[in-house]
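The following exercises concern the architecture of a protein complex. Please work through each task with the sequence and the coordinates at hand before reading the solution.

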Amino acid sequence: MADNKKLKEDVLAISGVNVRKCMKCGKCSGTCPSYGEMEYHPHQFVSMVESGDIEKLMQSESIYKCLSCMACVERCPRGVEPGKLVEAIRLISIRRKDANRLTPDRISELLDEDMPQQALVTAFRKYTK
Amino acid sequence: MKVSYYPGCTLRNKAKELDRCARECAQILGFELCEIENWQCCGGAYTSSTDEIATKLSSVRALKAAGELDRPLITVCSACHNVIKRTNLAMKEEEFAGKVNAYMAQDADFTTPYGGETEVYHYLEFLRDKIGFDSVKEKVKNPLTGRKIAAYYGCLLLRPSKAMAFDDPENPTVLEDFIRALGAEPVIYPARNECCGGYVVLEDKDSAKRKSATVSESAKGHGADSIVTACPLCRYNLMKSGSELPVVYFTELLAEALGAKEAENG
């Protein structure tokens, strides 16, 4: 339980998000282009962080479905910015496990000759520590 | 007029046209893109978490290099622009800047701390605010008359608007005004500021395909004959999603209208 409290503090601190500002309108999830691919949706990130239910989020594939498109951040009428929570939880997850989501040896199978370098460097920044 | 220029990794490789046309058109429009020395990759994505320091260093070095020459820093790639602009804003916060400068102080050529002083412009923003679309229009040799062009903003140019301060995030106009200046007709369509699927394409091609297809079908459904973008990854995702419309870089369009580019497309 103590660990859970620490985890919540860490997520809030590095994301800079105040989950208590949320008025639960659901606009973040309504505007999320990855909604259909997520187990937990942006509004659930907010409510589950508030209730301290962060381990489930860390174990979920949902943290890798976020496109960082900032639609939820831009369109939240309360300025809660759920995308920053997703980012913080993904970071804590890849840092803690010391197991990167993406390793260089997989790159050749994922590439094609047209793929811009931008895709690779961005994926490494998002998936690797 | 000389401005500092940050091309970024993709403009040196898969998006050479985006870079070449930007440089050629700048000359025609009366400014010179001076590439900063020894630039490093921006990393492609800004990490919003407040304890991410090292991932900001390459952007800060670029910003600082431009600042030391007392020039604004111009970017062309949407991703580089997003990372560098947001980093610059973060550097205006004293606590964050203090941590970054503590790292920077270990650089051999470190002189003074950086505090977000450099002005950052996207090339489009520079045309709009410093050159003026009226002046661009005067230099057009081959007006793109009769073309219906869909401006695709995607995410990175516009969001988060608090940091990007580029245009209205929900009803942007800069690309449409740019298209008009070149003599073509802009097509307004609902998906113009939605995401193409981004870097997730690396591990989930179908996900990116669905998102990009939504964009290209929306543009086509509203009568566009082509799509224009500033982002290499948007272009890639749209092309791979089977877009029936050609997807071109905004600098290619500019080069065509200004007569900088040979008539490649007939």
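**Exercise 1. Domains of chain B**

The domain assignment of chain B gives domain 1 (2-123) and domain 2 (140-258). The model under study is a predicted one.

Task. Determine how far apart the C-alpha centres of domain 1 and domain 2 of chain B lie, and describe the side of domain 1 of chain B that touches domain 2 of chain B by class.

Solution.
- Step 1. The C-alpha centres of the two domains of chain B are separated by 24 Å.
- Step 2. Taking residues in contact when their C-beta atoms, placed from the backbone, lie within 7 Å, one finds 20 residues of domain 1 of chain B and 16 residues of domain 2 of chain B in the contact.
- Step 3. On the domain 1 side, helix H1 (16-29) and helix H3 (78-90) of chain B each contribute at least two residues.
- Step 4. By class, this side of domain 1 of chain B comprises 10 nonpolar, five polar and five charged residues.

**Exercise 2. The sheet of chain B**

Task. Establish the strand order of the open sheet of four strands in chain B, and explain why one side of strand S6 and of strand S8 of chain B is left without a neighbour in the sheet.

Solution.
- Step 1. The order is S6-S5-S7-S8 in chain B, and the pairing is parallel.
- Step 2. Strand S6 (185-187) and strand S8 (247-249) of chain B are at the edges and have a single partner strand each, so one side of each lacks a neighbour in the sheet.
- Step 3. From one strand to the next, the twist averages 40°.
- Step 4. Strand S7 (residues 226-229) of chain B pairs with S8(B) in the parallel sense over three bridges; Val228(B) has Val248(B) in S8(B) as its bridge partner.
- Step 5. Helix H8 (residues 174-181) of chain B packs on the sheet, where it touches strand S5 (148-151), S6 and S7 of chain B, and its direction makes about 155° with that of S5(B).
- Step 6. Helix H10 (residues 232-240) of chain B also packs on the sheet, touching S7 and S8 of chain B, with a direction at about 165° to that of S8(B).

**Exercise 3. The interface between the chains**

Task. Identify which helix gives the largest share of the side of chain A that touches chain B.

Solution.
- Step 1. The contact involves 29 residues of chain A and 35 residues of chain B.
- Step 2. Helix H1 (2-15), helix H5 (71-75), helix H6 (82-97) and helix H8 (117-127) of chain A each supply at least two residues of the chain A side.
- Step 3. The largest share, nine residues, comes from H8(A).
- Step 4. The chain A side divides into 16 nonpolar, six polar and seven charged residues.

Technical notes. Residues numbered from 1 in each chain as written. Chains lettered and ligands numbered in written order. Predicted model: local features only at pLDDT ≥ 70, side-chain atom pairs only at ≥ 80, totals over all residues. Pairing = 2+ DSSP bridges. Axes fitted to C-alpha atoms, helices over the stretch in contact; angles between N-to-C directions. Contact = placed C-beta atoms within 7 Å. Domains from an automatic or database assignment. Nonpolar A, V, L, I, M, F, W, Y, C, P; charged D, E, K, R; others polar.
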